[in-house]
Amino acid sequence: MISLVDNIEEFLSKYDEFKKRETDSGFFIYGEINREVNINNKGNLVLIFDLEIYINKDYPNTIPSVREVDEKIPKTFHKLNDGSFCLAAPYLLFSSIKKNPNFIVFFENFILPYLYSYQYNKKYGKMPFGELRHGMQGIIDFYKELFNIQSECLVVKLLMQAKNVYRGHHLCACGSKKRLRKCHGSIILSIKNSIPRQHLLSEIMQIYKYINKEDFAKGYCL
Ligand SMILES: [Zn+2]
Ligand SMILES: [Zn+2]
């Protein structure tokens, strides 16, 4: 695997509008992108954004965070509480960088499409590639679809199973009465292998807090 420093150099030679600044803990990549981009044949759009991307030195164990310097994109458009971009559900981000940690790929698969979506939505009033609900509800909806289940507390139970040691012969937490390996086993393994444990734990806690804790405690997992 190519080193992060070399990977960033490779990125900077392809996208030469950006510069880098190194700190003890990571790299800031900053500059104004001004490019005409066409993604999935949705049409050409000019993207002009002043960006600052932070890549921690432990990348790919953490997701790069991206913000715009001049805040053209309103906070209501897929931004996290700290103002950075909400690029996609964490599982998608982690599984993608696990598969291919090259930052150029991350930039082209997540950061450019984010900017393109914003610009497209501004011009046409709709999202070009579909949209998740934002925030915690968006993440829960994402998992419901991934697991193909309806219940929010089952999302928590399945994620808890992903946090624990994998035992394929145990019963699946979804309540199907099937063994894990014959039910949600492969997706649970994929979550386990993609999302760093610390992140998974905090995601479980956030979902747990978000859904009704009392219902969860009473076992209303239907
Ligand atoms: Zn969002
Ligand atoms: Zn299951």
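**Exercise 1. Find the angle at which helix H1 crosses helix H3, and name the residues that meet.**

Step 1. In this predicted model, locate H1 at residues 4-14 and H3 at residues 103-124. Helices here are DSSP runs of H or I with at least four residues, strands are runs of E with at least two, and both are numbered from the N terminus.

Step 2. The two axes come within 8 Å and cross at roughly 50 degrees. Axes are lines fitted to C-alpha atoms, for helices over the stretch in contact, with angles from 0 to 180 degrees between N-to-C directions.

Step 3. That makes H1 oblique to H3, since angles under 35 degrees count as roughly parallel, over 145 as roughly antiparallel, 65 to 115 as roughly perpendicular and the rest as oblique.

Step 4. Now look at who meets whom: Asn 7, Ile 8, Glu 10, Phe 11 and Lys 14 in H1 meet Phe 103, Ile 104 and Phe 107 in H3. Contact means that C-beta atoms, placed from the backbone, lie within 7 Å.

Step 5. Sorted by kind, the residues of this contact are five nonpolar, one polar and two charged. Ala, Val, Leu, Ile, Met, Phe, Trp, Tyr, Cys and Pro count as nonpolar, Asp, Glu, Lys and Arg as charged, and the others, Gly among them, as polar.

**Exercise 2. Decide whether Lys 20 is buried, partly exposed or exposed.**

Step 1. Find Lys 20 in strand S1, residues 19-22.

Step 2. Count its surroundings: 16 other C-beta atoms lie within 10 Å, so Lys 20 is partly exposed. The cut-offs are 20 or more for buried, 12 or fewer for exposed, and partly exposed in between, with C-beta atoms placed from the backbone.

Step 3. Leaving out residues up to four places away in sequence, Lys 20 touches Ile 8, Leu 12, Phe 27, Phe 28 and Ile 29.

**Exercise 3. Check the length of helix H5 against its expected span.**

Step 1. H5 covers residues 152-163, which is 12 residues. The expected span is 1.5 Å times one less than the number of residues.

Step 2. That gives 16 Å, and the end C-alpha atoms are 17 Å apart, which agrees.

Step 3. Buried residues of H5 include Cys 153, Val 156 and Leu 159.

**Exercise 4. Describe how the chain is divided.**

Step 1. Domain 1 is 4-124 and domain 2 is 135-218, with bounds from an automatic or database domain assignment.

Step 2. Their centres, taken over C-alpha atoms, are 28 Å apart. Seven residues from domain 1 and 10 residues from domain 2 make the contact.

**Conventions.** Residues are numbered from 1 along each chain as its sequence is written, while chains are lettered from A and ligands numbered from 1 in the order in which they are written. Local features need pLDDT of at least 70 and side-chain atom pairs count only at pLDDT 80 or more, whereas totals for chains, interfaces and linings use all residues.

Methods: Contact = placed C-beta atoms within 7 Å.
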